[in-house]
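User: Hello! Could you walk me through this structure in a few questions and answers?

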Amino acid sequence: MRRPFVAGNWKMFKTVAEARLLITELLPGLTTIHGVDIVLCPPFTSILPVAALLEGTTIGVGAQNMHWETSGAYTGEIAPPMLAEFCKYVILGHSERRAYFGETDASVNRKIQAAFDHGLVPIMCVGETLAENEAGITREVVTRQMREGLDGIEPHSIGSLVIAYEPVWAIGTGRAATADGANTVIADIIRAVLAQMYGDELAEMVRILYGGSVKANNAGEFFRYADIDGALVGGASLKASEFIPIVKAAVS
Ligand code: PGA
């Protein structure tokens, strides 16, 4: 049995003061929920204060991106060892980074390798755009993202990997995928590619999340499906009244 996993992607929201406030609103509810891995991914400037506030709880901290090099003259970038001081997780290959910041399967691949090298757990995002979906090439696109993103990654790392299937047309639009459709992509494409690359046993260990307009009122539908192991939540992770019920739904 895979342990459920729910991560909040705060994107470019929350100053440090606002982040502290949100944590105080989240903690009473989140600390009473057991049997699920909970991860919060604030912007870089709030990672340190959020990590301090979460100390002593089982709630994990993640970053939203990083560079693959250990250090160097890369103005504006953050290196894996800098994150590893405070974070256990890092979101890599989010569609907003692919669409607006030139992230490619090749750069995602270097970052996944770097994350494992530095003891970070990557949350690797894959998913097709609306045009790709309408063209009927979801399988090709997601298969390519998986194969190129994981190229050369050793089997011993794969069990801890987390993957988020996020159809781009469902992110921030309020138009979630159907739970049945998401489960089909996750089972028939994502887990199937993992099985081809690493064998059935490892493929069965990997947690695969759905992401894209997950809210308190639809999360339970997704979590009922056997291959959906949790959610990567954007907008709804910024409100305690939304995020706490989503996490609860993962264990009920
Ligand atoms: P959303 O974002 O929940 O606001 O659609 C999800 C994500 O981008 O991870």
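Here come some short questions, each with an answer.

Analyst: Welcome! This is a predicted model, where local features need pLDDT of at least 70, side-chain atom pairs count only at pLDDT 80 or more, and totals for chains, interfaces and linings use all residues. Residues are numbered from 1 along each chain as its sequence is written, and side-chain values use heavy atoms, with hydrogens and water left out.

User: Which residue in β2 stands opposite alanine 7?

Analyst: Strands are DSSP runs (E, at least two residues), numbered from the N terminus, and two of them pair if DSSP finds at least two bridges between them. Eight strands, β1-β2-β3-β4-β5-β6-β7-β8, form a closed barrel with parallel pairing. Within it, β1 (residues 5–9) is joined to β2 (residues 37–41) by five bridges. The partner of alanine 7 is valine 39.

User: How many residues of the shell around the ligand are charged?

Analyst: The ligand is surrounded by 13 residues, each with a heavy atom within 4 Å of it. Asp, Glu, Lys and Arg count as charged, Ala, Val, Leu, Ile, Met, Phe, Trp, Tyr, Cys and Pro as nonpolar, and the others, Gly among them, as polar. Four are nonpolar and seven polar, and the charged ones number two.

User: How much of the ligand does the protein bury?

Analyst: A polar side-chain atom of glutamate 166 lies 2.7 Å from a ligand oxygen atom. Alone, the ligand exposes 280 Å², by the Shrake-Rupley method with a 1.4 Å probe. Of that area, the protein buries 97%.

Note on methods
Helix = DSSP H or I, 4+ residues; strand = E, 2+ residues; numbered from the N terminus. Polar contact = N/O pair within 3.5 Å; in protein donor to acceptor, adjacent residues only side chain to side chain.
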